[in-house]
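Please look through the structure below with the sequence beside it, and take your time to find your way along the chain. The paragraphs after it can then be read with the model in view.

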Amino acid sequence: MLRRDFIAGAGALAGLSLAGSARGFDGTPMGAPPRRADGRPMNMILYFTDECRADALACYGNPVTKTPNLDLLARQGTIFRNCHVQNPVCAQSRCSMLTGWPTSVRGHRSLYYLLRQNEPNMFRTLKKAGYDVFFFGKNDVLTPDSFADSVTEWKDIAGGGGFSALRGKPSTGPTTMLFPGGGDRRNTGDYRMVQDAIRVLERREADKPFCIFLPLLQPHPPYAAPQGFDTLYNPADLPALVPPGLPGKPLFHQAIRETYGLTQVSDAELRKVRATYYGQVSYTDWVLGELMEAMERTGRDRDTALVVSSDHGDYAGDYGLIEKWPSGLESCLTHVPLIARVPGGKAGGDARDMVELYDIMATFLELGGTRATHTNFARSLLPQIHGGPGDPNRAAFSEGGYNIYEPQAFEPKLGGLYAPKTNLQNDRPETISRSASVKTQRWTYIARPGGQSELYDRQADPMETRNLIAERKHEAVRGEMQQRLMNWYIDTSGVPEEYRDARDMPPFVRNSTFPDADARSRVLLDQ
């Protein structure tokens, strides 16, 4: 047994025993095996928003946002206060989530490297274990030829939500990605995908358990929310944004502001961006409420685990920036919500130890009564979900960016709304050099060998405004974090394939071009 498996197993047993005779939100005894009352494997739903930062939710302490359904889910299940992603961009983050691998393991550092047939993924493992896997939403994770053996039924979100139409429009003036809102809340791709999921819930009992993946669009830029959510927040009433132009920041901060024309954008305009972003977050909460109501109506809340999370966050005006950046590892990009309601789990669980997004893989596989067959670094969250402790010494690790000598990884130049972003990456590759971070309960350390490294005390400076990397009094902390990051790379890099090559020589075939090849081969073998 691998040491990490032993630790994870011991943690799971500890969590179950500590649960005692307490009861979960549905009244079932806590500590029961992760199965339904009839002994069959648990159904699972992963409600996966796009670009949602944790601090945009009321249950994570936001003083102004309205997220009643997410707040309710947190009261019914477990909220993980400190979940961080492996990468600040969609595809890279999702590849890590489904494999339990850091993006450096197989080079999944770009939007254009998805999970192939010869690579493991959580859905394939669940399908092999007997699950019907439903994939309703945007695909940023599987190559087309990976669907057949990983997914039972799938549907693309393309054409819904307005994003497809907006992203191709030319950008004139500053690029804020802020668009007029409006439109029927029930006429979006996100709503339609959730309705497809509800139809699965409404089916009569099937022979197979199900896993539904809902990779939705909101609150992804362009910043535009449906009617009723587009004016939900007054920009003037929002808390202050993190200001631009702070010292000790990586050079891409200023490069983005200049290239996008954001140096000409006022704080008031950036507040409009934030207000619209919050409207989008509230919209995802409303759609979630539709799903939760359907689960209760069909009785699926009693046999189905519901997990909510996101692939990464969004600047949404902080630091004078918008959207995200591939080598940006600020907490507003890596810190995402993670809320899990599992029948038999503890109600009102509040897990504060560090966890990582790819822990979802280990959790879902344990819920499904199966396990990964490949080396990975994810940990099941079921011990905490059942009321047990987490790991107070755990850290979260993230990676970003591309090396300037690997142009194959760069995003190609795109026109329209994304022209400034992709032009900057390709014209000034030094702005997107590789980076890696380690975050503990207190500290953030970001290493950039080709640029500005960063160190923040999040207890004293939760918005990461003061870079302490050059302060002598923090040399010991910096050294400790550097060592921890290096050790993590040593421990996780170069995961071997599951198969091993045979060491036998292939059958000899006479080469007509070199008639004495057989003699030469014998000489070489003798040596």
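What follows is a walk through confidence, helix packing and a few unusual spots in the backbone.

Because this is a predicted model, a careful reader begins with the confidence values. The pLDDT of the protein averages 89, and 86% of the residues score at least 70. Over residues 1-33, however, the pLDDT is below 50, although this stretch has 52 contacts in the model beyond near neighbours in sequence. Residues 520-527 likewise have a pLDDT below 50, and this stretch has three such contacts beyond near neighbours in sequence. Where pLDDT is low, the predicted coordinates should not be read in detail.

With that caution in mind, turn to a pair of helices. The axes of helix α6, residues 189-202, and helix α8, residues 267-298, come within 10 Å and cross at roughly 10°. Angles under 35 degrees count as roughly parallel, and therefore α6 is described as roughly parallel to α8. By class, the contact between α6 and α8 has 11 nonpolar, one polar and four charged residues. On the α6 side, the residues that meet α8 include Y191, V194, I198 and L201, while the α8 side includes Y283, W286, V287 and L291.

Another piece of packing involves helix α12, which covers residues 419-427 and whose buried residues are A419, P420, K421, T422, L424 and Q425. These buried residues of α12 pack against α7, residues 251-260.

The loop between β5 and α7 deserves a slower look. P219 is found in this loop, which follows β5 at residues 210-215, and a cis peptide bond with omega of about 0° joins Q218 to P219. P222 is also found in the loop between β5 and α7, and here a cis peptide bond joins P221 and P222, again with omega of about 0°.

Finally, consider two glutamates and their backbone angles. E323 has a phi near 55°, a positive value in a residue other than glycine, and its place is in the loop between β6, residues 304-310, and α9, residues 331-334. Is E323 buried or exposed? Since buried means under 20% relative accessible area, E323 counts as buried because its relative accessibility is 1%. E464, which is not a glycine either, has a positive phi of about 55°, and E464 is found in the loop between β13, residues 454-457, and α13, residues 475-492. With a relative accessible area of 2%, E464 is buried.

Key: Residues numbered from 1 in each chain as written. Predicted model: local features only at pLDDT ≥ 70, side-chain atom pairs only at ≥ 80, totals over all residues. Heavy atoms only, no water. Buried < 20%, exposed > 50% of the residue type's maximum accessible area, 1.4 Å probe, protein only. Helix = DSSP H or I, 4+ residues; strand = E, 2+ residues; numbered from the N terminus. Contact = heavy atoms within 4.5 Å. Axes fitted to C-alpha atoms, helices over the stretch in contact; angles between N-to-C directions. Parallel < 35°, antiparallel > 145°, perpendicular 65-115°, else oblique. Nonpolar A, V, L, I, M, F, W, Y, C, P; charged D, E, K, R; others polar. pLDDT = per-residue confidence, 0-100.
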